[in-house]
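Trainee: Hi! Could we go through this structure together, bit by bit?

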Amino acid sequence: MDLFDATLDGYDLEIETIDDQFEKVIVRHDIPKLNGAILEDMGLKARVIHIRCHFWDDGAHQTYADHIDFLNHLKSQELFELIHPKYGPLQGSVEQVSIKADDQEQNAEIDLTFVESLASNLADIEYELTDVEAPVEEAYADTLDDLEESVTDNILGQLGLAGEAFLEQALDPLAPLIDQYHGLNAAARSYLRQVDAVVATIEATLAEITNSTNSLTATISFATNLPGRVVGALARCLERYAISYASLSSAPPRFVRSFQAAALDLENRVEVSRQAVAGSVGAASATAAITAGNPVFAAVPVVRVAAAAQMALSAGAMFKADEEVRQMLRRSEQTPSFAATGRYLKQAADQQIMTAIDLETTLATSREMIQGAIAATASGGNGTAEDSGRQSQNTLKTMARLLLEYANTVKLEREKIVAITLAHPLPLHLVCLMRGLPYNYAERIHSINRIPKPNMASGRVNVYAR
């Protein structure tokens, strides 16, 4: 007797398959005065699988006592998930249970009749994808917290005990920084002028961008001291950039290019402003600047970390929105366009989904910006403590991993696109029929091709493969 491993709702079983039953629904159309009938195949009835589960006490298998818990679980009226050794995951119900138990030998055999549910056969079944937006949002908030700590490290690394005044004093968000501190030494005032120039540049840029009520940073509490002022202004500015480019989210490559260019422009503006008040001392010569008594605020790494985090956050939001559209399209494509009476049924508005190139471009740009931010915080020439930015690196790496795992999962689950060559012009609906696709797929096939006349498609055509 050969036994196979199977699972039913988390219960590990050792089974033998008794038999499987497949039955078709055949409609017979009898015509008067004609022999025979016209047969119409309406598909398969529910698949029925008969299996036998074994329980016995030998120290290596499900015990005799376990079969009692298993039987109690079978009384549930919910759908069961059976992981069959040959057919894989199946959803359905247990229609009949037959038990043979021997109390003296401490073994039991349970025969199950498992009926597969229609839901596990539907083409539009919604598989469970991990929600990438929620964990990325959490990592984004952690990145901003870590960024405040990095700015704190930069202050203490540059100024030592003199920098503690910047951490203890609560600031008025409407007043200039330079007017809120008194009794600072020359190095601290030089440093403060750099920070003031950076924040003023960021806030001036923020004022140039259209405001939006859809703000995640409004829900985040930033510290009221100097690091909180810097990181809060930067996060709000970058978020407003992302929201202003939201209209480009239907073309992800344009969105990521636009945001990347805006982040680079902001970085250049901030560094120019900082250098203008610091005597043109660059971040690369921070060590010499400290020796000369001219501390440097590491503005570039801070901007890059915040920009990379915002890019990853936007990518996660686009991935989630795209997956929702894809699921909606699949449900729509399984809905008939005409009722049984011939009446046209209005379909949902056609929406585009991200192609594999769009997905990979968004992922690649996000990871490129994250890598640039990690490199900027890892360099030792910005005058910060040796481990400054390490926490930011970890949260950025977490965001990069989340996006990569999600993109890999989506690419495996989505339909593949293959190219075929049509020998003569055909309507796209017939092309769908040839490829075993629902005719509703014609709209999607048209969207990934340049076909002037959908009723006369010819030559090389990209189609979805199942």
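Trainee: Where do Glu-405 and Arg-401 lie?

Mentor: Both Glu-405 and Arg-401 belong to helix H10 (residues 390–413), four residues apart, which is about one turn of the helix. Helices here are DSSP runs of H or I with at least four residues, strands are E runs of at least two, and both are numbered from the N terminus.

Trainee: And what do their side chains do?

Mentor: The side chains of Glu-405 and Arg-401 meet in a salt bridge, at 3.5 Å from N to O. A salt bridge is a side-chain nitrogen of Lys or Arg within 4 Å of a carboxyl oxygen of Asp or Glu. Keep in mind that this is a predicted model, where local features need pLDDT of at least 70 and side-chain atom pairs count only at pLDDT 80 or more, while totals for chains, interfaces and linings use all residues. Residues are numbered from 1 along each chain as its sequence is written, and side-chain values use heavy atoms, leaving out hydrogens and water.

Trainee: Are those two buried or exposed?

Mentor: Glu-405 is partly exposed at 43% relative accessible area, and Arg-401 is partly exposed at 41%. Buried means under 20% relative accessible area, exposed means over 50%, and partly exposed is in between (1.4 Å probe, protein chains only).

Trainee: What about Thr-398, where is that?

Mentor: Thr-398 is also a residue of helix H10, and it is partly exposed at 29% relative accessibility. Its C-alpha is 9.9 Å from that of Thr-143, although the two are 255 residues apart along the chain.

Trainee: Back to salt bridges. How many are there in the whole structure?

Mentor: A search of the whole structure finds nine. One of them joins the side chains of Arg-269 and Asp-265, at 3.1 Å from N to O. These two are four residues apart in helix H6 (residues 252–277), so about one helical turn separates them. Arg-269 is partly exposed at 31%, and Asp-265 is partly exposed at 33%.

Trainee: Which residue does Arg-304 meet?

Mentor: Arg-304 meets Glu-267 in a salt bridge, 3.0 Å from N to O. Arg-304 lies in helix H8 (residues 299–333) and Glu-267 in helix H6, so this pair ties together parts that are 37 residues apart in sequence. Arg-304 counts as partly exposed at 33% relative accessibility, whereas Glu-267 counts as buried at 11%.

Trainee: Switching to H9, how many residues does it have?

Mentor: Helix H9 (residues 356–378) has 23 residues. From first C-alpha to last it reaches 32 Å, close to the 33 Å expected at 1.5 Å a residue. That expected span is 1.5 Å times one less than the number of residues. The buried residues of H9 include Leu-359, Leu-363, Met-369 and Ile-370.

Trainee: Enough helices! What do the strands E1-E2-E5-E8-E7-E6 make?

Mentor: They form a closed barrel of six strands, with antiparallel pairing. Neighbouring strands of this sheet are turned by 45° against each other on average, direction ignored. For such angles, axes are lines fitted to C-alpha atoms, for helices over the stretch in contact, and angles run from 0 to 180 degrees between N-to-C directions.

Trainee: How many bridges join E5 to E8?

Mentor: Nine bridges join strand E5 (residues 48–56) to strand E8 (residues 107–116), and the two run antiparallel. Two strands count as paired if DSSP finds at least two bridges between them. One partnership is His-54 with Glu-109 in E8.

Trainee: And which residues are on the covered face of E6?

Mentor: In strand E6 (residues 80–84), Phe-80, Leu-82 and His-84 are on the covered face, while Glu-81 and Ile-83 are on the uncovered one. Leu-82 stands opposite Leu-8, and Glu-81 stands opposite Gln-91 in E7. E6 and strand E7 (residues 88–102) run antiparallel, with five bridges between them, and a hairpin of three residues joins the two.

Trainee: Last one: what is the phi of Lys-33?

Mentor: Phi of Lys-33 is near 65°, a positive value in a residue other than glycine. Most residues other than glycine have a negative phi. Lys-33 sits in the loop between E3 and strand E4 (37–44), and it counts as exposed at 87% relative accessibility.
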